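Me: I have a new model open and would like to go through it piece by piece. Can you take some short questions?

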Amino acid sequence: MVVLGAGFGGLELATTVAAELGDDVELTLIDKSEGFVFGFSKLDVMFGRSRPEQVLHRYVDMVNPGVRFVSAEVTAIDPEAKRVETSAGQFEADVLVVALGADLHPEATPGLAGNEFYTVEGAFASAARLRDFPGGRVVVAVTSTPFKCPPAPSETALLAYEYLTARGRPCEITLVMPLGTPIPPSPDASAAVLAAFAERGITWVPERLVRGLDAERKVATLSDDTEIPYDLFLGVPVHRAPRAVANLTVDGWIPVNPLTLETAFPGVYAVGDVTSVGTPKAGVFAEGQAAVVAQRIIGKVRDAEYDGRGVCYLEFGGDRVAKVDVKFVAGQRPVGSLIGPSTDLAADKTAFGADRIRRWFGREWVTSGSSADS
Ligand SMILES: Cc1cc2nc3c(=O)[nH]c(=O)nc-3n(C[C@H](O)[C@H](O)[C@H](O)COP(=O)(O)OP(=O)(O)OC[C@H]3O[C@@H](n4cnc5c(N)ncnc54)[C@H](O)[C@@H]3O)c2cc1C
């Protein structure tokens, strides 16, 4: 069995299958990166709560004897033959799982390079941009759809407000989003987020995107041709499926059976951000899909079906975190309920990350107590 991509989906899948089948499966996990970084850890680094080395889980440190990890770039996939071309040679599989996520393209938006916080490099560099920012106009903005973790820009606006005001730096924050409400499936969560924006004077600009930045004039142009001035820009770049999956995509992403996650090619599955399964692009959904594929491969629950459910954490600042329990079922309106925010749920979120690192990497992960920017 070959799993492409050791992110949220690939790690969950490889760990579960290896734990259940042991020596009965020859499992190869391929990834081109140095290690795994949780999406939410990018915000922790940006806002000085963690240092980069604390949130990078290196694949060389992965203790999982049942998984053969190969550090390589996947360049092409032949889904009929279940054959993969990589920078480390060719791999053939009986079962192939594509979990390569979404690539980010800051260069696709004029002026965005150096002004985004979604790539690992961009998020880590934004820690220094925030640290050195004396205060002023901050614009948090999305440049295209779909984009990962739809709550993340709202969290970023709230955390930027907390970070800057705690340091005595005056700020005016604007959030530009393509959505009509911050968390569309959950009216309760959206109302709580909009109330938090109102309390902090954060300007909410819905149903618009940023098309480009003029770095000299320091203005962003929106999809309705209006302009917004900024002193600090925190942008979400264009997302695209990795080029290597071109043989599997339709309209840019990999279509799958929404219940089984199988592609149009028997024995080839796809999970997570690389698919067009209909759930938001977020780790909790990638993990849930991987769990279903694992059960089907293991054969333990042959008729395991994906239910489209995910529980997302939402940072409000002040060490208060909420949970939104959402369900996306094909052909039905997505629904979601809000729990919190509270400080107890902040501890819950820390435990969520630690649990994954224990299962996936076989080690303890303690992040608290040493921030980058105290
Ligand atoms: C700021 C931010 C905050 C977020 N917060 C949350 C959150 O709180 N909760 C949540 O659930 N989600 C969150 N997310 C979203 C989450 O990070 C992603 O949706 C999730 O990681 C997707 O999982 P995946 O397995 O599909 O892909 P990924 O985790 O992105 O994994 C894909 C893997 O494939 C590898 N890869 C790609 N192309 C190739 C190639 N050609 N060859 C070899 N390897 C390749 C990559 O190196 C990567 O390791 C956040 C994202 C961001 C940016």
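**Helix α2 and what lies around it**

Reply: Start just after α2, where G48 takes a positive phi of about 70°. Keep in mind that this is a predicted model.

Me: OK. Is α2 mostly covered or mostly open?

Reply: Mostly covered. The helix runs over residues 39–46, and six of its eight residues are buried.

Me: Which ones are buried?

Reply: In α2 they are S41, K42, L43, D44, V45 and M46.

Me: And what covers them?

Reply: The cover for the buried residues of α2 includes three helices, α3 (52–55), α4 (120–131) and α5 (152–166), and the strand β20 (309–317).

Me: Changing topic to domains. How is the chain divided?

Reply: Into domain 1 (2–102 + 241–307) and domain 2 (104–239). Their C-alpha centres lie 29 Å apart. At the contact, 14 residues of domain 1 meet 19 residues of domain 2.

Me: Which element gives the most to domain 1's side of that contact?

Reply: That is α2, with five residues. The side of domain 1 that touches domain 2 divides into nine nonpolar, two polar and three charged residues.

Me: What does UniProt list for this chain?

Reply: An unreviewed UniProt entry lists residues 2–281 as "domain: FAD/NAD(P)-binding". Over residues 2–281 the model has 24% helix and 27% strand. The C-alpha atoms at the two ends of that stretch are 22 Å apart.

Me: There is a ligand too. Which residues come nearest to it?

Reply: G5, G7, G39, G101 and G272, out of 35 residues around the ligand.

Me: Which elements supply that shell?

Reply: At least two residues each come from α1 (8–21), β2 (27–31), α2, α7 (283–298) and β20. The most come from α2, which gives four.

Me: What kinds of residues are in the shell?

Reply: The shell around the ligand has 19 nonpolar, nine polar and seven charged residues.

Me: Why does the ligand count as lying between the domains?

Reply: Because domain 1 and domain 2 both give residues to the shell around the ligand.

Me: Now the core. How many residues are in the largest nonpolar one?

Reply: It has 110 residues, and V98 and A99 have the most contacts inside it. The element that gives the most to this core is α5, with eight residues. Domain 1 and domain 2 each contribute at least three residues to this core.

Me: What does A99 touch?

Reply: Leaving out residues up to four places away in sequence, A99 touches V3, L4, G5, G7, G9, G10, L13, V271, G272, V274, A286 and A290. Two of those names came up before: G5 and G272 are among the residues nearest the ligand.

Me: Last one, P255. Where is it?

Reply: P255 is in the loop between β18 (238–240) and β19 (268–270).

Me: Why does P255 count as partly exposed?

Reply: P255 has 15 C-beta neighbours inside 10 Å, so it counts as partly exposed. A residue needs 20 or more to be buried, and 12 or fewer to be exposed.

Me: What does P255 touch?

Reply: V250 and S276, again not counting residues up to four places away in sequence. P255 and T275 are 20 residues apart along the chain, and their C-alpha atoms are separated by 5.8 Å.

How values were computed: Residues numbered from 1 in each chain as written. Predicted model: local features only at pLDDT ≥ 70, side-chain atom pairs only at ≥ 80, totals over all residues. Contact = placed C-beta atoms within 7 Å. UniProt positions renumbered as here; feature names shortened; annotations may be inferred. Near = placed C-beta within 6 Å. Nonpolar A, V, L, I, M, F, W, Y, C, P; charged D, E, K, R; others polar. Domains from an automatic or database assignment. Core = buried A, V, L, I, M, F, W, Y, C linked by C-beta atoms within 7 Å.
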